[in-house]
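Hi,

Here is the structure I promised to pass on. Have a look at it first, and then read my notes below.

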Amino acid sequence: MSGSPLVQAAVVSPGKLGVPAQVQASPYLACVDFSPVQGEYRGGVGALDEVSVADLLRNGFVYPPHSVYRDVKVAFTGFAPGQDLHAAPRFHLPYQSASVPDRPMIGAVDTDALVATYHRLLGDGVVRAVRGMDSPWLLQSGGKDSTSLAMAVAERSPVTVCVTYAGGDEEDELESAQSVARQLGLRHTSLICDPARAYDRYLAMVPAMPLLTADFAMLSYCDLVTHVAEAGGDGLLDGLGSDTYFGLPVSWRGRLLAAAACRLRLAPALFESRLVRSSFPLAYVLGTLQMDGFERFYPGSRFTDIEVDTLFGRPIADCSRQRLELFRADISAAASAEARRRISVTVIEPAVFGKGIYVAAAAGLRLAYPYCDEALRDWVMHAVPDELLIGPGQTNKMLVRRHIAQRFGQLPYVNTKGSFRFDIRGLARRRFDQVYAFAQQARDVLPGAPQWLERHRSRMDNKYFASKFYLLAIILPWLAGLRHDASGSGGPPA
């Protein structure tokens, strides 16, 4: 691709059950054509790729270029347009720091001029992103990316409304986001997480959702998108997309966890002890020991391989893990933990970007990622010194921090913050029986799901188990919906 990133999606072959189809779903596209997964692909579990369901349980997303359907492949970043993703897919990430040897030295550049250029290019990306939107909304977490983006939005698209999702009691970025919007003269609103409402909104979208991911912000996104649509918004701006080219330092905690992930197969009885059941850190560490080191880069607590095999009633987890081999050449060539983490961020695009792309498609809203702008990306890769990408003490996005400092002081959630937090324990308390009913209806695919839910019902105050419940809450209605589609009765039962 060259020039503006807002180009039309490429589609290979029409959608028909049993006929291979491809969808180009890069966040650099203006829109994604999901016509290959309409109609007959919603015809029942016969179209389902069960290894992809194992991917969702193990990692929270389907390994690209696969999808939840056997005959549909999806190309995200790293897959060259036009290649046959069914026969022999090839992956390569070109946005590694080591691949740009001519990046300037910090002493040879005017930092203020770099910040000004960054602001201009980000603003250009905003202009392209809001094209075709009459009432755009910015998903504003209150952190670095959304604050920097809000500065460009205020200048280039001042009609944009900022919305912040207050998802839990562990972090509260609402005050920071409100302050940023107020000082920039942007309208701001917020949405307080109600896990039952968010789940109901997800279920309402399932029949129209083209593909499936189980990102831990999926329900938050469904909640927000429905809120925006009901308020009259017709488009969304999301501040994701710059991590790949700005870089991702790996903390000592991340290095320790990656080292601890050594593919052990621990007896499930270990998790039956009262100590483990009541301790999130201990359960998390035991879960980590059973992961692959690279897969530990992926966020959240997920099902172990033994649990996945038990849910299916047969060995299948190894087939999911085997899909990682497609990325092994790039992983092995990566010269640092930071370089490997860049690859991991690209591998999980079906979760990070997929949730937004799929949810927006179901809601009929436009969605754009201003940071996924080729001109901005290429300029950062080639014109910004290393010290302004990752600074002393592994501080990330130094250029973005300097951009923010031109207008604001030290914002608390520019330093440390999360976004789209969701009350997973509240979801388990309020929707357990409903998810259990879906498990009964999806027994033909996951015969062990009802038993897992029965065994863990009393453990949902522990986020480790509640996170796994969340994955089932996402996946099971989809499976139940495929069954109902095959019978001609519509989407998942209420």
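**Backbone oddities first**

K397 is buried, with a relative accessible area of just 2%. I start there because K397 also has a positive phi, about 50 degrees, although it is not a glycine. You'll find K397 in the loop between strand 10 and helix 18 (398–405). Before you read too much into any single angle, remember that this is a predicted model.

Q394 shows the same kind of thing: a positive phi of about 60 degrees, and again not a glycine. Q394 sits in the loop between strand 9 (390–391) and strand 10 (395–396). Is Q394 buried or exposed, or somewhere in between? Its relative accessibility is 42%, so Q394 counts as partly exposed. As background, most residues other than glycine have a negative phi, and most peptide bonds are trans.

On that second point, there is a cis peptide bond to look at too. P64 and P65 are joined by one, with omega at about 5 degrees. P65 belongs to the loop between helix 1 and strand 3 (72–75).

**The overall picture**

Zooming out, the protein has 22 helices and 10 strands. It runs to 494 residues, of which 60% count as buried. If you take the contacts between residues at least 6 apart in sequence, 76% of them join residues at least 24 apart. The exposed surface comes to about 18800 Å², with carbon and sulfur atoms supplying 53% of that.

**The cores**

The largest nonpolar core has 150 residues. Which of them touch the most other members? Those are L57, Y202, L446, L453 and L476. Helix 22 (residues 463–487) is the top contributor to this core, giving 13 residues. Another core, of seven residues, lies apart from it, and V276, A283, L286 and Y464 are among its members.

L446 is a good residue to click on. Once you ignore its neighbours within four places in sequence, L446 is in contact with V53, L57, L311, F312, L476 and L479. Two of the partners in that list, L57 and L476, are also named among the residues touching the most other core members.

**Helix 3**

Helix 3 (residues 144–156) has 13 residues and covers 19 Å from its first C-alpha to its last, close to the 18 Å expected at 1.5 Å a residue. Why describe helix 3 as largely enclosed by the rest of the structure? Because 11 of its 13 residues are buried. The buried set is K144, D145, S146, T147, S148, L149, A150, M151, A152, V153 and A154.

**Charged pairs**

There are 29 salt bridges in the structure. In general, side chains of opposite charge can pair when their charged atoms come close. The one I'd look at is R58 with E295, where the closest N and O atoms are 2.7 Å apart. This pair ties together distant parts of the chain: R58 is in helix 1 (residues 50–59), E295 is in the loop between helix 10 (280–289) and helix 11 (305–312), and 237 residues separate them.

R58 has another partner in D305, also with the closest N and O atoms 2.7 Å apart. Here the link runs from R58 in helix 1 to D305 in helix 11, 247 residues apart.

How buried are these three residues? R58 is at 4% relative accessibility, so it counts as buried. E295 is buried as well, at 2%, and D305 is buried at 7%.

For a pair in another setting, try R328 and E325, whose closest N and O atoms are 3.2 Å apart. R328 is partly exposed, with a relative accessible area of 22%, and E325 counts as partly exposed at 36%. Elsewhere, salt bridges that share partners join R58, E295, D305 and R321 into one network.

**One last histidine**

H456 is in helix 21 (residues 449–456). H456 is buried, at a relative accessible area of 3%. What does its side chain reach? It comes to 2.8 Å from the backbone oxygen of W452.

Cheers

Conventions
Residues numbered from 1 in each chain as written. Predicted model: local features only at pLDDT ≥ 70, side-chain atom pairs only at ≥ 80, totals over all residues. Heavy atoms only, no water. Core = buried A, V, L, I, M, F, W, Y, C linked by side-chain atoms within 4.5 Å. Buried < 20%, exposed > 50% of the residue type's maximum accessible area, 1.4 Å probe, protein only. Helix = DSSP H or I, 4+ residues; strand = E, 2+ residues; numbered from the N terminus. Contact = heavy atoms within 4.5 Å. Polar contact = N/O pair within 3.5 Å; in protein donor to acceptor, adjacent residues only side chain to side chain. Areas by Shrake-Rupley, 256 points an atom, 1.4 Å probe, with all protein chains shown as cover. Expected span 1.5 Å × (residues − 1). Salt bridge = Lys/Arg side-chain N within 4 Å of Asp/Glu carboxyl O.
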